[in-house]
Amino acid sequence: MGDLSVNSDQISIVAVAGAAALAVGSVGLVAAWALRRRSIRWQLGLVAVVAVCSVLAGVLAVARLMFISDHDLGVVTLVTGSAAMVTALVAVLLGRAIVRWSQLVQADVRAVGTATAYVGGGRGPSEFQALSHELALARARLDEAQEREGRLEESRRELVSWVSHDLRTPLAGMRAMTEALEDGMTDEPERYHRQIRVEIDRMVRMVDDLFELSRIHAGVMRLQPEPVLLGDLVSEALAAADPVARARQVRLGGLVEPGVEVAADPAGLSRVVSNLVMNAVRHTPAQGAVEIHGRCVGDLIEISVTDGCGGLSSADMARVFDVAWQGGPARTPDDTVGGRGAGLGLAIVKGIVEAHRGQVQVENVDAPAGCRFLVRLPAVALAPSPAIE
C-alpha cells in the first residue's frame with residue numbers, strides 16, 4: 001500500500017506540474033506569435049522566460065497541493081528566481097550576438113551585388129558560416145557570368161565591326177568594277193567578271209557562316225548522325241585546303257587510324273574538320289606545316305589539328321572560340337591568299353562539336369611553336385535531332 005501511495009503522489013505531481021507548464025507554454029506561444037515580427041533577441045528572451053516560468057508555475061501548483069512545505073517553497077522560489085535572472089541575461093547576450101551575426105550576413109548579401117570584392121567570412125554558428133560560404137560561391141558565379149556576358153558583348157561588337165568591314169570592302173570593289181564595265185573603261189572584262197565572282201563567293205560563305213552560327217546559338221541546328229569513316233572526312237578537308245596551302249607554301253600532312261568510324265552528322269563534322277584545317281593553314285607562316293591526326297581512344301574519337309602559328313597567349317586562349325575573335329595582327333595577316341574570315345569559323349566548330357555532345361579545346365605545342373586543336377567526340381551513336389518546323 002505504501003508503494004501505491006508513493007506512485008500515486010508522483011503521478012499527481014507530474015500531472016500538476018505538466019498542466020502548469022502546459023498553461024505557461026500556451027501563453028508563451030501566444031506571446032511568440034505576437035512577437036513574430038520583432039527581433040530574434042525577443043524570441044530568445046521569451047524562450048528563457050517561458051522555461052523558467054514553467055518550472056516556477058509547476059512548483060507553485062505542487063505547493064498548493066501541500067506536497068512542499070513553506071520553507072521548501074521559499075527556497076525553490078529563490079533558486080528559480082535566481083536562475084530566471086541568469087537565464088534571461090544569457091538569452092539577452094546570445095540574442096545580441098545572433099543579431100550581430102545576422103547583420104553581418106545582411107551586409108554580406110548587400111556586398112554580393114556590388115562591384116566591390118567580396119570574401120565570405122567565418123562568423124557565428126556553423127549555419128551562418130555555411131550561408132556566408134554560399135554567398136561567396138554565388139558572388140564567384142556572378143562574377144563569372146558578368147565576365148562571360150562582357151566577352152559576349154565584346155564579341156558581338158567585334159562581329160558587327162568585322163562583318164561590316166568585310167562586306168563593305170568587296171561591295172565597294174564590285175561597285176567600282178561594275179561601273180567600269182558599264183562605262184566600257186576596261187580592256188579585260190573577263191578578269192573583272194572573275195573577280196566579281198570571287199567576291200560574291202566570299203560573301204556567300206560569310207552569310208552561310210552567320211546563318212550557321214545563328215542556328216547554333218538558337219539551338220535549332222538539326223543533326224542527322226550516321227556512321228562516317230573519319231579518314232574520308234580528313235581526306236576531303238585536306239583536298240579542299242590544298243590549293244590555299246600550296247599558295248601559302250604550307251605543307252599538309254597527317255595520319256588517321258584505318259577503319260576509325262564515328263557516328264556523327266556528316267555535313268557538320270566535315271565543316272568542323274575543314275574549318276580547323278583552313279584556320280591552321282591561314283595562321284601558319286610559309287614553309288610551315290599543318291598536321292591532322294585521328295584515332296580512337298577508348299569510347300572517344302579524337303581529332304587533332306596542329307599548326308605553326310607561334311602559340312597563343314593565355315588571354316587569347318580563353319577567347320579563341322569566341323564569336324568574331326581573330327587574334328592579333330601577327331596571327332591574322334591581312335593577305336588575300338585564302339581570304340580573311342570574320343572570326344566565325346572556330347565559334348562554329350565549338351557549336352557543332354558541343355551539339356554532338358563532344359568537346360573541343362586548344363593547347364600550345366613547342367616544336368615547332370604552334371597550337372593544337374583537339375576535338376573529342378563520343379564513339380556511340382547519337383539520336384537524330386527532331387525536325388525543326
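## Helix packing in a predicted model

Helix 6 passes helix 7 in a right-handed crossing, a term for a near helix turned clockwise from the far one by less than a right angle. This is a predicted model, in which local features need pLDDT of at least 70 and side-chain atom pairs count only at pLDDT 80 or more, while totals for chains, interfaces and linings use all residues. Residues are numbered from 1 along each chain as its sequence is written, and side-chain values use heavy atoms, with hydrogens and water left out.

The protein has 9 helices and 7 strands. Both kinds of element are DSSP runs numbered from the N terminus, with helices (H or I) of at least four residues and strands (E) of at least two. Of the 389 residues, 33% are buried. Buried stands for under 20% relative accessible area, exposed for over 50%, and partly exposed for values in between, with a 1.4 Å probe and protein chains only. Among contacts with a separation of 6 or more, 70% join residues 24 or more positions apart; a contact is a pair of heavy atoms within 4.5 Å.

**Helices 6 and 7.** Helix 6 covers residues 230-248 and helix 7 covers residues 266-282; their axes come within 9 Å and cross at roughly 25°. Helix 6 is therefore roughly parallel to helix 7. Axes are lines fitted to C-alpha atoms, for helices over the stretch in contact, and the angles run from 0 to 180 degrees between N-to-C directions. Angles under 35 degrees count as roughly parallel, over 145 as roughly antiparallel, 65 to 115 as roughly perpendicular, and the rest as oblique. On the helix 6 side, the residues that meet helix 7 include Leu 233, Ala 237, Ala 241 and Val 244. Their partners in helix 7 include Leu 269, Val 273, Val 277 and Val 281. Leu 269, Val 273, Val 277 and Val 281 are also among the buried residues of helix 7.

The 17 residues of helix 7 should span 24 Å at 1.5 Å a residue, and the end C-alpha atoms are 24 Å apart, which agrees. The expected span is 1.5 Å times one less than the number of residues.

**Two loop residues.** Two glutamines have a positive phi although neither is a glycine.

| Residue | Phi | Loop | Relative accessibility |
|---|---|---|---|
| Gln 249 | about 60° | between helix 6 and strand 2 (251-256) | 46%, partly exposed |
| Gln 287 | about 70° | between helix 7 and strand 4 (289-297) | 52%, exposed |

**Helix 5 and Gly 351.** Helix 5 (residues 189-218) has 30 residues and reaches 43 Å from its first C-alpha to its last, close to the expected 44 Å. Its buried residues include Tyr 192, Glu 199, Asp 209 and Ile 216. Gly 219 follows helix 5 and has a positive phi, near 70°.

Gly 351 lies in helix 9 (residues 345-355) and counts as buried at 10% relative accessibility. Leaving aside residues up to four places away in sequence, Gly 351 touches Ile 216 and Met 221. Val 272 is 79 residues from Gly 351 in sequence, with the two C-alpha atoms 9.5 Å apart.

**Annotated segments.** An unreviewed UniProt entry lists residues 12-34, 46-67 and 73-94 under "transmembrane region". UniProt positions are given here in the numbering used for this chain, feature names are shortened, and annotations may be inferred rather than shown by experiment. Over residues 12-34 the model is 100% helix and 0% strand, with the end C-alpha atoms 33 Å apart.
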